[in-house]
Amino acid sequence: MTTAFDPVTIGRYTARNRIVMSPMTRNRAYGGGGAPTALMATYYAQRAGAGLIITEGTQPNAEGQGYMNTPGLHTPAQIAGWRQVTDAVHERGGLIFAQLMHTGRIGHPAQYYDQEAGHHPRGVSAVRAEGQVHTPEGPRDLAEPRELSDAELWRTVADFADAARNAIEAGFDGVELHGANGYLIHQSLASGVNTRTDGWGGDVAGRIRFAVEVVRAVADAIGADRVGLRISPSNPYNDIREDDHREVYSALVEAIDPLGLAYLHIGEGPDTDFTPVLRKLWSGTFILNPFTPGAYTGPEALKLVETGAADLVSYAALYLANPDLPERLRAGGPFNQPDYSKAYGGDETGYTDYPTLA
């Protein structure tokens, strides 16, 4: 029987186990202009025992920044900052992918690093999301986005590809494209957000187009076997509304499956019966972050590997609080409990000071 502690192929790599550190925004890129710091290198190196680390969401261009103190991969300083992270992880034998996240309509003009540039949240459509975001001026309502033109959408596709090249220059083993949780790629897929009537919207083929073009461009840039995609069908986070998610995601998976990506990562939504459908449609490595409303993914999720429901399982909250999570899962615990009051921003407290079993 295959267990979560057995090796597994992820693209061109062999991961030491099937336990994934899920991407988690931590808002500690204090290196100036979204550059990672030595403290971030310590944080990720502590968790290098994962089969795969997927970093926090990292913007592929300046306008893709939706939150304060999140890192980027579009400037030399950011590349240099990430290099200290990847070096630290590799010194401990780890495998690490950068998650490329353009937040699209989620954001506010006050939170961008370069206030002189006049950046404004951009979306596939000028449809504002309900909610607020933290800015230097305090909580502010999410801004109404400016609709990306055809040329700007193509430029954004190219920016994803450039950021992927930058990730390889920074020492990453690959990248994950964030097509989930209500950010730009997810917005383009969602019927309640994408109201375009040109070739980037309308029917299912139009709404999957941006995601497919980004995947293809990034695969061409760095090799498909160094690229993963995360999706979250039926997830309403960030005011997402999807009326036909089964048709959309089936079509998306069928369109990109022949490319030979490193993996497909499912952030499971309420429609849990749809996950096995995607599992059958996808011929490659399948990572699952199971739907656990009101709780977080626990040790019982390891059975998903044993039953064949997934090839790997990703953990977020438990990995935040347990840098040696694979060892704790193998031992059956005990588990540190995450301190969510220290999850976003701050110093090493609630970041790199969680104890290990040793």
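## Domain and secondary structure

Helices, of at least four residues, and strands, of at least two, are DSSP runs numbered from the N terminus. In this predicted model, residues 5-332 are 32% helix and 17% strand. The C-alpha atoms at the two ends of this stretch lie 13 Å apart. An unreviewed UniProt entry places the feature "domain: NADH:flavin oxidoreductase/NADH oxidase N-terminal" at residues 5-332.

## Aromatic pairs

A pair of aromatic rings is described by the distance of the centres and the angle of the planes. A search of the whole structure finds nine aromatic pairs. One of them joins Tyr43 and Tyr44, whose centres are 4.9 Å apart and whose planes meet at 70 degrees, an edge-to-face arrangement. Both Tyr43 and Tyr44 are buried.

Trp154 and Trp200 also form a pair: their ring centres are 5.1 Å apart and their planes stand at 75 degrees, so the pair is edge-to-face. This pair links distant parts of the chain, 46 residues apart. Trp154 belongs to helix 3 (residues 150-169), whereas Trp200 lies in the loop between helix 4 (184-189) and helix 5 (204-207). Trp154 counts as partly exposed because its relative accessibility is 34%, while Trp200, at 2%, counts as buried.

## Aromatic cluster

Tyr43 and Tyr44 belong to one aromatic cluster together with Trp82, Phe172 and Tyr351.

## Charges over rings

Trp200 has a further partner in Arg209, whose charged end sits over the Trp200 ring, 3.9 Å from the ring centre. The charged end of Arg330 sits over the ring of Phe5, 4.3 Å from its centre.

Definitions and conventions. Residues are numbered from 1 along each chain as its sequence is written. This is a predicted model: local features need pLDDT of at least 70, side-chain atom pairs count only at pLDDT 80 or more; totals for chains, interfaces and linings use all residues. Side-chain values use heavy atoms; hydrogens and water are left out. UniProt positions are given in the numbering used here, feature names are shortened, and annotations may be inferred rather than shown by experiment. Rings of Phe, Tyr and Trp (its six-membered ring) pair if their centres lie within 6.5 Å; planes under 30 degrees apart count as stacked, over 60 as edge-to-face and the rest as tilted. Buried means under 20% relative accessible area, exposed over 50%, partly exposed in between (1.4 Å probe, protein chains only). A charge sits over a ring if NZ of Lys or CZ of Arg is within 6 Å of the ring centre and within 35 degrees of the ring normal.
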